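I opened a fresh page for this protein and went through it piece by piece. Here are my notes, in the order I looked things up.

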Amino acid sequence: MTHATASSTSDDLRLPLGAITDEFSPDLDVALPAMAALGMTWAELRVVWGKNVIDLTDEDVDRARAAVEAHGMRVLTIASPLLKCTLPGGSPIDPRIQQDQFGAQYTFEDQPRLTRRAFEIAARSGAKVIRVFSYWRTVDPNETFDAVVMALQRLAQQAQERGLTIGLENEHACNVATGEETGRLLAAIPSPDLKAIWDPANALVAGEAAFPGGYSHVPPERIVDVHAKDCRVKDHTPVWGPIGEMTIDWAGQIDALIADGYRGPIDLETHWTGPNGNKFEASQICGRKLRDLLSAKRGATAP
């Protein structure tokens with residue numbers, strides 16, 4: 001039923017399609033049927049039933065995994081809040097940055113406990129990737145570079161021991177925000193257990209010409225996932241909108257990823273609230289647009 005629907009539509013896509021589930025709804029009974037109907041086969045767990053994923057109980061995780069798999073999908077990523085905190089002793093936090101926390105407000109001192117729990121949840125959910133960050137962005141991100149490298153090296157080592165991957169998102173509110181910063185970080189840590197979650201819109205908000213400029217700094221073989229959302233930037237503030245209708249050249253970005261050998265998923269992270277202030281409707285609209293961009297038929301006509 002739902003599984004057949006997902007399979008029949010996903011067969012026509014050039015790359016796997018997925019989404020952060022709470023972009024549709026924090027209620028998986030609402031989010032998952034809509035995702036499956038769009039041909040999505042991967043799910044990223046961030047906020048589930050009103051809790052950040054790191055705060056789910058074992059029973060919650062088991063229930064979430066069963067729900068995802070019942071709709072013909074698998075959990076790809078745990079969207080943890082690791083390193084989404086202030087680094088002690090660094091430069092002041094950049095006051096211009098909006099910090100999205102998604103129900104998780106943790107400190108530097110919480111990180112060891114959160115790390116242990118993130119690995120437990122990944123194992124229990126079947127996720128292969130733990131998404132992490134690079135501390136809240138300071139007025140001098142270069143000053144934090146060595147500390148970020150050290151923290152990510154530790155995480156990559158722990159991931160290697162468990163057969164998992166650490167996915168560093170270039171987050172505009174954190175110290176690694178652009179493609180150029182991502183490439184520099186990956187060069188400093190050549191471990192295959194640390195990869196990038198490439199988000200062109202985040203790079204754009206951080207002031208970079210995300211594609212093709214920022215993307216050119218990120219080794220395609222070090223990308224484990226791609227987040228898809230779209231915006232225009234006005235007075236240093238993102239104005240979110242439908243994918244493919246704002247600033248990011250998503251058609252070109254997808255074609256470049258495929259040409260460069262990327263075969264991982266494209267994950268919807270809508271952010272836009274839609275024409276009627278309805279996030280579920282906005283995610284359905286963006287999901288359809290993203291599916292069209294990924295269609296084999298469009299790929300056959302791409303240069």
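**Entry 1: the buried side of H3**

I am working from a predicted model. I began with helix H3 and asked which of its residues are buried. I found Asp-60, Val-61, Ala-64, Ala-67 and Val-68 on that list. Looking down the axis of H3, I saw these buried residues fall within an arc of 130 degrees, so they line one face of the helix. That fits a general point I like to keep handy: an α-helix has 3.6 residues a turn, so residues three or four places apart point the same way.

Next I checked the face of H3 turned away from the buried side, where I noted Glu-59 and Ala-70 as exposed. Then I looked for what covers the buried residues of H3. The cover includes two helices, H2 (28-37) and H4 (111-125). It also includes the strands E2 (42-45), E4 (51-52) and E5 (74-79).

I also ran a ruler along H3. The helix has 13 residues (58-70), which should span 18 Å at 1.5 Å a residue, and its end C-alpha atoms are indeed 18 Å apart. After H3 comes Gly-72, and I wrote down its positive phi, near 75 degrees.

**Entry 2: H5, looked at in the same way**

I turned to helix H5, residues 145-162. From first C-alpha to last, its 18 residues reach 26 Å, close to the 26 Å expected at 1.5 Å a residue.

Which residues of H5 are buried? I listed Phe-145, Val-148, Val-149, Ala-151, Leu-152, Leu-155, Ala-156 and Ala-159. Down the axis of H5 they fall within an arc of 165 degrees, so this set, too, lines one face of its helix. On the other side of H5, I found Asp-146 and Glu-161 exposed.

The buried residues of H5 pack against H4, helix H6 (179-188) and three strands: E6 (129-132), E7 (165-169) and E8 (194-198). So H4 goes into my notes twice, as it is among the elements covering the buried residues of H3 and is packed against by those of H5. Just after H5, Gly-163 takes a positive phi of about 70 degrees.

**Entry 3: arginines over rings**

Since Phe-145 is one of the buried residues of H5, I checked what lies over its ring. Arg-184 lies over the face of Phe-145, at 3.7 Å from the ring centre. I found another such arrangement at Phe-119: the charged end of Arg-162 sits over that ring, 4.5 Å from its centre.

**Entry 4: rings with rings**

How many aromatic pairs are there? I counted four. One of them is Phe-24 with Phe-280, an edge-to-face pair at 6.2 Å centre to centre, with 75 degrees between the planes. Phe-24 lies in the loop between strand E1 (17-20) and H2, while Phe-280 is in helix H9 (residues 279-294), so the pair ties together parts that are 256 residues apart in sequence. Are the two partners buried or partly exposed? Phe-24 has 4% relative accessibility and counts as buried, whereas Phe-280, at 25%, counts as partly exposed.

I then looked at Phe-211 and Tyr-215, a tilted pair at 5.9 Å centre to centre, with 50 degrees between the planes. Phe-211 is partly exposed at 22% relative accessible area. Tyr-215 counts as buried at 6%. Together with Trp-198, these two residues form one aromatic cluster.

**Entry 5: a stop at Thr-273**

I looked up Thr-273, which lies in the loop between strand E12 (266-268) and H9. At 45% relative accessibility it counts as partly exposed. Leaving aside residues up to four places away in sequence, Thr-273 touches Asn-278, Lys-279 and Ala-282. I also checked Thr-273 against Arg-137: they are 136 residues apart in sequence and 26 Å apart in space, C-alpha to C-alpha.

**Entry 6: stepping back**

Last, I took in the whole protein, which has ten helices and twelve strands. Its radius of gyration is 18 Å, close to the 19 Å from the globule rule for 303 residues, so it is as compact as a globular protein of that length. The C-alpha atoms fill a box of roughly 55 × 45 × 35 Å along the principal axes. Buried residues make up 56% of the 303. Of the contacts with a separation of 6 or more, 75% are between residues 24 or more positions apart.

How values were computed
Residues are numbered from 1 along each chain as its sequence is written. This is a predicted model: local features need pLDDT of at least 70, side-chain atom pairs count only at pLDDT 80 or more; totals for chains, interfaces and linings use all residues. Side-chain values use heavy atoms; hydrogens and water are left out. Helices (H or I, at least four residues) and strands (E, at least two) are DSSP runs, numbered from the N terminus. The expected span of a helix is 1.5 Å times one less than its number of residues. Buried means under 20% relative accessible area, exposed over 50%, partly exposed in between (1.4 Å probe, protein chains only). The arc is that of the directions from the helix axis to the C-beta atoms. Contact means heavy atoms within 4.5 Å. Rings of Phe, Tyr and Trp (its six-membered ring) pair if their centres lie within 6.5 Å; planes under 30 degrees apart count as stacked, over 60 as edge-to-face and the rest as tilted. A charge sits over a ring if NZ of Lys or CZ of Arg is within 6 Å of the ring centre and within 35 degrees of the ring normal. The radius of gyration is taken over C-alpha atoms; the globule rule is 2.2 Å times the number of residues to the power 0.38.
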